[in-house]
2 protein chains.
Amino acid sequence: MTVTEPSRLRSRPTMDDVAAVAGVSRGTVSRVLNGGHNVSRQALAAVERAISKTGYVVNQHARSLVTQRSGSVAFILSEPQDRLFEDPNFNNLLRGCTQVLAGHDITLLLTVAATGEDRQRIGRWVTAGHVDGALLVSNHQGSPLIAELKERGLPFVVCGRPLGQERDVTYVASDDRDGARQMTEYLRSTGRRRIAIITGPLDTPGGVDRLAGYRDIAGHGDPELIATGDYTRASGEAAMARLLTQAPDLDAVFVCSDLMAAGAITTLQRAGRRVPEDVAVGGFDDNNIATTTKPMLTTIRQPWARQSAEMVRLLLAHIDGAEHSAVILPTDLVVRDSA
Amino acid sequence: MTVTEPSRLRSRPTMDDVAAVAGVSRGTVSRVLNGGHNVSRQALAAVERAISKTGYVVNQHARSLVTQRSGSVAFILSEPQDRLFEDPNFNNLLRGCTQVLAGHDITLLLTVAATGEDRQRIGRWVTAGHVDGALLVSNHQGSPLIAELKERGLPFVVCGRPLGQERDVTYVASDDRDGARQMTEYLRSTGRRRIAIITGPLDTPGGVDRLAGYRDIAGHGDPELIATGDYTRASGEAAMARLLTQAPDLDAVFVCSDLMAAGAITTLQRAGRRVPEDVAVGGFDDNNIATTTKPMLTTIRQPWARQSAEMVRLLLAHIDGAEHSAVILPTDLVVRDSA
DNA sequence: CTGAAAGCGCTTACAG
DNA sequence: CTGAAAGCGCTTACAG
């Protein structure tokens, strides 16, 4: 075994190397790197030549140490990893955020905090200066991550209304309650009278707000018309099965996510109920699952692209010292075949 | 607008603050942070108290600047983002790598390089010292990312045989060719005589090596028995449709990924062919799709957990200065219902 | 427009 | 076991 150092240590050129090759001072090299202001044409050309000759790449740690900025932002999903892959909503958000951030030359780092231990490690990591801010998708009431980020003073924005912390957390949400109202009202308008609901987890905004919207229209009676899922497809199947037992005479069901709705349709069809003839099914999200079910889903559209764009905008503002704020985006009814 | 600084700048305590509170020198605080060797019980206790009192968290940039280590590793997927979510293989690998790395207290950063522009930004980012090394999943021949990482001297390991660069790139692969042989041989052994194949892209190791294994058994004749997909479900559907036109008398098809196999089954059933009675279908991967198709897939098992573990092990060794190496893992036939 | 110098927050030999 | 000091590679007022 030869006594070589790891190659990256051996060879990496520094700013002084570039300066030497270009025949200028380190300060001038730095100015070129940071926009080229106050640099003569000649110096600029010399430095650029020297950079490509030496293969110089800035040392981000050194730069960040002085600027106090890292140039990256974290996308933190605190859910079991499988959900990231099962639920297209995360994909939609991730795509949107990455794009918008790329325009600012900021890298998005995706991190999955599945276990409590993960959350701790990530809390430390995020807080050690690796990122300038964080995007929190998936938000459960009482999440320790929010508390930690707040305590550390790291800028972050959460996706969806942060239950009980609306006043001091920046967030962007779509209008869950109004969307739920629209759907329930629509189901009524088509003549349905026994409208059930499959809600999301009741410690999430999508869980409580969509249920509230449903109740605004359908009232509070009949607890047997209510079942709760956890946003997975399997939970949609199971909740639908329970509803069928509790209220066999239901003629419509509002399912609070498209993925769960796909599961509910499977259960209904397996039980011999026709959709929408026997039971109308309404979803929520309007992601790409909505057009792959048979029949295609009538659902509530969340404005995914705007949601991502607003999250990024607020985060960058927050990083620059802006105060807390919130954005609520409107939702729309999209009528297809399932209701 | 008030003239406040961003909150994180305002409040973050430094090592000197901790030292002052604990009544020791900065060096002692550092020793406590780095394992607590050569520190008296009393100093240790005082420092620990001071740390929790001040809420101190190490500044990773400062630390990295001197240690030349960042404590994170990148998981780079250079594919359109949708593939990350559609194909369970990535999920399997990601889960495995995250777990193993967490054991080393290293954070895994997931990055998706969908476009050429993305690849450039990520190349720069990765190379600026943000990570100590990279895990490259999805590997296409002639990928510019491999070239860039090599030039920069950043340690990395690729998943799958790096076509044409086996000698100077560290990689871990499963034995694609042998797996393909096993499957083809098995199909023969059940009496099938017109065995078609749906390959992966021919610029990937899974594309060429599995085709080679198939040919080892089935020979080179009949080009109409060969169709190529791109590992997506849709491409499996389309390729199967082509095969059905080109060779309507086929009685078996070896599909080089489970996801494509799921697509192929859909096409076959839609065309009125029974699986496996009329056409036997063999997959490759043995991921969780294999048990959700109807009938469930007979397939080749890739050892996902070992694959992740080996990738991480090699990467860490490489970071510590080890030479290039390669690991080839065995694959096994798993017989279920589709063949 | 340009250079010299201070300083960002750490780690790590080196003395003691 | 402990402290003082050098140095990691940058940026940014400050003079000129």
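**Note on a predicted protein–DNA model**

1. A polar side-chain atom of B:Arg31 lies 3.4 Å from a base nitrogen of DNA strand C. That is a polar contact (a pair of N or O atoms within 3.5 Å; within protein, one must be able to donate a hydrogen and the other to accept it, and residues adjacent in sequence count only if both atoms are side-chain atoms). Two contacts go to phosphate oxygens of strand C. B:Arg63 reaches one with a polar side-chain atom at 2.8 Å. B:Met15 uses a polar backbone atom, at 2.9 Å.

2. Ground rules. This is a predicted model, in which local features need pLDDT of at least 70, side-chain atom pairs count only at pLDDT 80 or more, and totals for chains, interfaces and linings use all residues. Residues are numbered from 1 along each chain as its sequence is written, chains are lettered from A and ligands numbered from 1 in the order in which they are written, and side-chain values use heavy atoms, with hydrogens and water left out.

3. Which elements give two or more residues to the surface near DNA strand C? They are helix H3 (26-33) and helix H5 (60-67) of chain A, and helix H3 (26-33) and helix H5 (60-67) of chain B. H5(B) gives the most, with five residues. Helices (H or I, at least four residues) and strands (E, at least two) are DSSP runs, numbered from the N terminus.

4. There are 26 residues around strand C; A:Thr28, A:Arg31, B:Arg26, B:Ser30 and B:Tyr56 come nearest. A residue is near a strand if one of its heavy atoms lies within 4 Å of it. Of the strand C atoms within 4 Å of the protein, 62% belong to sugar or phosphate and the rest to bases.

5. UniProt annotations (unreviewed entry) for chain A. "Domain: HTH lacI-type" covers residues 13-67. Its end C-alpha atoms lie 21 Å apart, and the span is 69% helix and 0% strand. "Domain: HTH cro/C1-type" is placed at residues 14-57. Here the end C-alpha atoms are 8 Å apart, with 68% helix and 0% strand. Such annotations may be inferred rather than shown by experiment.

6. Aromatic pairs: three over all chains. Why does the pair of A:Phe85 and B:Phe85 count as tilted? The ring centres are 5.6 Å apart and the planes stand at 40°, so the pair is tilted (centres within 6.5 Å make a pair; planes under 30 degrees apart are stacked, over 60 edge-to-face, the rest tilted). The pair crosses between chains, from helix H6 (residues 81-86) of chain A to helix H6 (residues 81-86) of chain B. A:Phe85 is buried at 10% relative accessible area, and B:Phe85 is buried at 11% (buried is under 20%, exposed over 50%, partly exposed in between; 1.4 Å probe, protein chains only).

7. A:Phe254 and A:Phe284 also form a tilted pair, 6.4 Å centre to centre and 40° between planes. The two residues are 30 apart: A:Phe254 is in strand S8 (residues 252-255), A:Phe284 in the loop between strand S9 (280-282) and strand S10 (299-301). A:Phe254 is buried at 0%. A:Phe284 is buried at 0% too.

8. The charged end of A:Arg210 sits over the ring of A:Phe284, 3.8 Å from its centre. In chain B, the charged end of B:Arg210 sits over the B:Phe284 ring at 3.9 Å. The criterion is NZ of Lys or CZ of Arg within 6 Å of the ring centre and within 35 degrees of the ring normal.

9. B:Arg233 is in helix H12 (residues 233-246) of chain B. B:Arg233 is partly exposed, at 35% relative accessible area.

How values were computed
Phe/Tyr/Trp six-rings, centres within 6.5 Å; stacked < 30°, edge-to-face > 60°.
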